[in-house]
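Q: I would like a close look at one single part of this model, worked through in connected prose. Please begin with the surroundings of one side chain and then move outwards to the rest of the chain.

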Amino acid sequence: MSELAITLLRVGYLLLLWLFVLAALAVLRGDVFGTKITPRGTGRRTTAGPGPGRRGRRTGGDARAPSRGGPTRLVVVQGPLAGTTIPLGTSSVLVGRAPSCTLVLDDDYSSSRHARFFPSGDGWWVEDLGSTNGTVVDGERIDAPVPLAPGTPVRVGQTVIELRR
């Protein structure tokens, strides 16, 4: 083998080794400092409640109006965010560690995009989005979308979430 080929192999191996070290450092940095949670509500409309001037009224033409008798909110009943409430509308609710999720969890046992709550027909459903630790509905781990009744506990990492009226 020529001297040039051996040198190129050494440089390539060294470059690959440095890429591995940098990737390991990026993972360690994420574990030590956690996920950066961006504040919601500065400069954009939030889902935490009615906007100014609306005073909590719902009109017949409101696209977010829940179906009669169905759940109207998603409540965190156990975990670091216990007491957090998200009003339900016509769009889905993403739960996970990613800042782009509707409910952002600071939990080592949840994935960045862990689960999705979504309306379908007259009810709400939950699906696991391929998370590592899974989503547990009423004590059973799910692998396909399942319908949710109000009050059914859904465990995402260390957090327990329920639909409420």
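What is the relative accessibility of E162, and does E162 count as buried or exposed?

A: The model is a predicted one, and what follows should be read with that in mind. E162 has a relative accessibility of 14% and counts as buried, because buried means under 20% relative accessible area. The side chain of E162 meets that of R164 in a salt bridge, with an N to O distance of 3.0 Å. R164 itself is partly exposed, at a relative accessible area of 30%, so this salt bridge joins a buried residue to a partly exposed one. As a general matter, side chains of opposite charge can pair when their charged atoms come close.

The backbone setting of E162 is strand 11, where E162 is the bridge partner of V75. That bridge belongs to the pairing of strand 1 with strand 11 (residues 159-164), which is antiparallel and extends over five bridges. On the subject of such pairing, strands of a sheet are held to one another through backbone hydrogen bonds, in either a parallel or an antiparallel sense. Strand 11 also pairs with strand 10 (residues 154-156), again running antiparallel, and here three bridges make the connection. Within this second pairing, V154 has I161 of strand 11 as its bridge partner.

Strand 1 (residues 73-78), for its part, is joined by three bridges to strand 2 (residues 85-87), and these two strands run antiparallel. In that pairing L74 stands opposite I86 of strand 2. Strands 1 and 2 form a hairpin with six residues between the strands, and in this hairpin G79 takes a positive phi near 120 degrees.

These pairings belong to an open sheet of six strands, ordered 2-1-11-10-7-8 and antiparallel in its pairing. Strand 2 and strand 8 (140-142) stand at the edges of this sheet, each with a single partner strand, so that one side of each is left without a neighbour in the sheet. If direction is ignored, neighbouring strands of the sheet are turned against each other by 30 degrees on average.

A second sheet can be set beside this one. It is open as well and has five strands in the order 4-3-5-6-9, but its pairing is mixed. Its edge strands are strand 4 (103-104) and strand 9 (146-148), each of which pairs on one side only. A parallel pairing is found here between strand 3 (residues 93-96) and strand 4, over two bridges, and G96 stands opposite V104 of strand 4.

The salt bridge of E162 and R164 is one of two that a search of the whole structure finds. The other is formed by the side chains of E127 and R116, at 2.7 Å from N to O. This pair links distant parts of the chain, for E127 lies in strand 6 (residues 123-128) and R116 in strand 5 (residues 115-120), eleven residues apart. E127 is buried, with a relative accessible area of 16%, whereas R116 is partly exposed, with a relative accessible area of 25%.

A further buried residue deserves attention, namely S110, which has a relative accessibility of 3% and is placed in the loop between strand 4 and strand 5. The side chain of S110 reaches the backbone oxygen of D107 at 3.1 Å. Apart from neighbours within four places in sequence, S110 is in contact with R97, L105, V156 and G157. Of these contacts, V156 falls within strand 10 (residues 154-156), the strand that is joined by three bridges to the strand carrying E162.

For the chain as a whole, there are one helix and eleven strands, and the helix precedes the strands when the pattern is read along the sequence. M1 is found in the segment before helix 1 (3-33), and, at 80% relative accessibility, M1 counts as exposed. M1 is nevertheless in contact with I6 and L9, with neighbours within four places in sequence left aside. Buried residues make up 27% of the 165 residues of the protein chain. Among contacts between residues at least 6 apart in sequence, 40% join residues at least 24 apart. Finally, the protein chain exposes about 11000 Å², of which carbon and sulfur atoms supply 56%.

Technical notes:
Residues are numbered from 1 along each chain as its sequence is written. This is a predicted model: local features need pLDDT of at least 70, side-chain atom pairs count only at pLDDT 80 or more; totals for chains, interfaces and linings use all residues. Side-chain values use heavy atoms; hydrogens and water are left out. Two strands pair if DSSP finds at least two bridges between them. Helices (H or I, at least four residues) and strands (E, at least two) are DSSP runs, numbered from the N terminus. A salt bridge is a side-chain nitrogen of Lys or Arg within 4 Å of a carboxyl oxygen of Asp or Glu. Buried means under 20% relative accessible area, exposed over 50%, partly exposed in between (1.4 Å probe, protein chains only). Axes are lines fitted to C-alpha atoms, for helices over the stretch in contact, and angles run from 0 to 180 degrees between N-to-C directions. A polar contact is a pair of N or O atoms within 3.5 Å; within protein, one must be able to donate a hydrogen and the other to accept it, and residues adjacent in sequence count only if both atoms are side-chain atoms. Contact means heavy atoms within 4.5 Å. Accessible areas come from the Shrake-Rupley method with a 1.4 Å probe; for residues, only the protein chains shown count as cover.
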